[in-house]
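Trainee: Could we go through this structure together? I would like to understand the reasoning behind each label.
Mentor: Gladly, ask away.

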Amino acid sequence: MSARYAPSANVIELTESATIAVSARAKSLRAAGRAVIDLGAGEPDFPTPTFIREGAKRALDAGATRYTLVEGILPLRETIAGRASAHLKINDVLPDQVVVSTGSKQALFNSCFVLFGEGDEVLVPTPAWTSYYQILTLARARAVIVRGSREHSLKATARDLEGAATPRTRGVILNSPTNPTGAVYDLDELREILSLAARCGWWVISDEIYREISYAAPAPSLLDAASGDAALGERLIVVDGVAKAYAMTGWRIGWSIAPLAVARAICALQSHTTSNASAVSQHAALCALTARDQADAAIAAMVGEFRRRRDVAVSMLREVKADFVEPRGAFYLFIRIPQRDNDAESGTTFARELLETRDVAVVPGAAFHTPEWIRISYAAPMEDVVEGVRRVIELLMSS
Ligand code: PLP
């Protein structure tokens with residue numbers, strides 16, 4: 001039985017997530033018996049730490065099986081608000097400013113949907129995570145691509161953003177450490193952008209999902225940048241979650257911290273779409289955020305392993321003088337693929353050839369609006385990272 005389907009106006013411009021499409025192709029090649037090395041995945045390859053899984057089991061036995069408040073259980077929101085207040089230092093963040101959602105992806109969707117609409121322009125420092133563009137399209141707003149310079153690790157500066165602004169600009173979406181480049185914005189850069197946004201009356205959505213995966217100094221939060229000046233925090237929404245740093249991708253817990261009126265709108269929206277995030281997952285997240293000694297030890301061990309892999313991959317790429325962004329956080333390496341035969345989509349062509357002829361899956365930079373690049377994830381066992389990067393280099397050198 002199949003009826004003819006014409007997509008509604010809501011989804012007419014929607015495209016499938018390119019990152020998920022690569023993983024799906026790698027899986028299907030594996031199912032066909034090929035030993036594919038998957039360097040496309042955007043999730044830690046570690047299991048959720050035992051103390052968190054044990055906490056979730058206890059919560060289940062204690063009855064965490066029912067609806068919770070739409071915005072999430074109070075102890076979790078109190079904990080998140082307390083952590084945010086520690087960054088902000090002034091005017092304590094209230095638990096009511098926090099809405100817990102089904103992953104930071106939903107928190108981002110909620111934020112964009114309640115803030116932006118038809119005719120609004122939102123600046124997106126590019127390359128950026130593929131879903132920002134699609135989420136803004138779903139909100140009927142326009143994602144404005146703002147390119148950072150190669151010398152500046154492809155990060156957009158306040159000046160770049162100002163140059164792309166029009167009277168219709170309503171906001172900007174920041175992400176540091178950045179997916180797909182691993183670049184990290186320093187505190188001065190964040191403060192300059194926040195000051196510009198405050199002057200122009202823009203909303204700032206800061207996606208900080210990789211903040212705890214940082215290799216040099218801790219990556220600053222936009223809350224640190226707003227610290228000491230209440231005006232800077234007035235239009236700031238910080239989105240975070242447990243997926244990456246706590247190896248909890250499947251639990252689907254993220255949150256937004258927003259001014260009260262925005263938090264209320266987000267809560268109302270969520271009440272009509274998904275209601276509360278999974279109750280047992282909220283308790284698992286509470287355990288992750290409150291058992292600090294165990295959490296810090298687990299994060300340090302995972303970040304230490306990511307660092308080892310990054311260092312090995314970086315030295316291999318340096319040896320052949322490949323052009324890549326210096327990775328300071330998250331678990332990605334972004335590599336430029338020189339054009340061949342005027343192929344503007346060199347990254348896409350390269351990723352296809354790499355998968356089909358050398359059994360390595362990476363994400364083409366086109367997914368992030370930078371078609372001359374590819375993204376490698378080193379959230380994979382060390383031997384896969386080494387062998388995968390070796391094959392990337394082999395193909396690069398044969399071009
Ligand atoms: N933000 C960025 C930059 C990401 O890379 C991802 C996942 O890949 C997410 C948000 C979504 O995370 P979550 O699993 O919390 O929805």
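Trainee: Which helices each supply at least two residues of the lining of the largest pocket?
Mentor: Keep in mind that this is a predicted model. The helices are α1 (18-31), α4 (103-115) and α5 (130-138). Of these, α1 gives the largest share of the lining, 4 residues.

Trainee: How much space lies in the largest pocket, and which lining residues are the closest to its centre?
Mentor: The largest pocket holds about 640 Å³ of space. Its lining has 29 residues, and G42, E43, K105, W129 and K244 are the closest to the centre.

Trainee: What makes a space a cavity rather than a pocket?
Mentor: A 1.4 Å probe fits in a cavity but cannot get out, whereas a pocket is open. Searching the whole structure at 30 Å³ or more gives 1 cavity. The largest cavity has about 100 Å³ of space. It is lined by 16 residues, and P125, P127, N175, T178 and Y185 are the closest to its centre. Strands β3 (121-126) and β5 (169-175) each supply at least two lining residues, with the largest share, 3 residues, coming from β5.

Trainee: Why is S101 called buried?
Mentor: The cut-off is under 20% relative accessible area. S101 has 0%, so S101 is buried. This residue is found in strand β2 (residues 98-102).

Trainee: What makes the pair S101 and N110 a polar contact?
Mentor: The N or O atoms must be within 3.5 Å, and the side chains of S101 and N110 are joined at 3.4 Å. Other residues that S101 touches include Q106, R252, W255 and Q270.

Trainee: How do you know that the length of helix α2 agrees with its number of residues?
Mentor: Helix α2 (residues 50-61) has 12 residues, and at 1.5 Å a residue the expected span is 16 Å. The end C-alpha atoms are 17 Å apart, which agrees.

Trainee: Which residues of α2 are buried, and how do you know that they line one face?
Mentor: The buried residues are F51, I52, G55, A56 and A59. Seen down the axis of α2, they fall within an arc of 140°, so they line one face of the helix. A general point helps here: an α-helix has 3.6 residues a turn, so residues three or four places apart point the same way.

Trainee: What lies on either side of α2?
Mentor: The buried residues of α2 pack against α10 (279-290) and α11 (292-319). The face turned away from the buried side carries the exposed residues R58 and D61. Just after α2 comes G63, with a positive phi of about 105°.

Terms used
Residues are numbered from 1 along each chain as its sequence is written. This is a predicted model: local features need pLDDT of at least 70, side-chain atom pairs count only at pLDDT 80 or more; totals for chains, interfaces and linings use all residues. Side-chain values use heavy atoms; hydrogens and water are left out. The expected span of a helix is 1.5 Å times one less than its number of residues. Buried means under 20% relative accessible area, exposed over 50%, partly exposed in between (1.4 Å probe, protein chains only). The arc is that of the directions from the helix axis to the C-beta atoms. Contact means heavy atoms within 4.5 Å. A polar contact is a pair of N or O atoms within 3.5 Å; within protein, one must be able to donate a hydrogen and the other to accept it, and residues adjacent in sequence count only if both atoms are side-chain atoms. On a 1 Å grid over the protein atoms alone, a cavity is a set of points where a 1.4 Å probe fits but cannot get out, and a pocket is an open set with protein on both sides within 12 Å along at least five of seven lines; lining residues have an atom within 4 Å of a point. Grid points are joined across faces, edges and corners, and a volume is the space filled by probe spheres set on the points.
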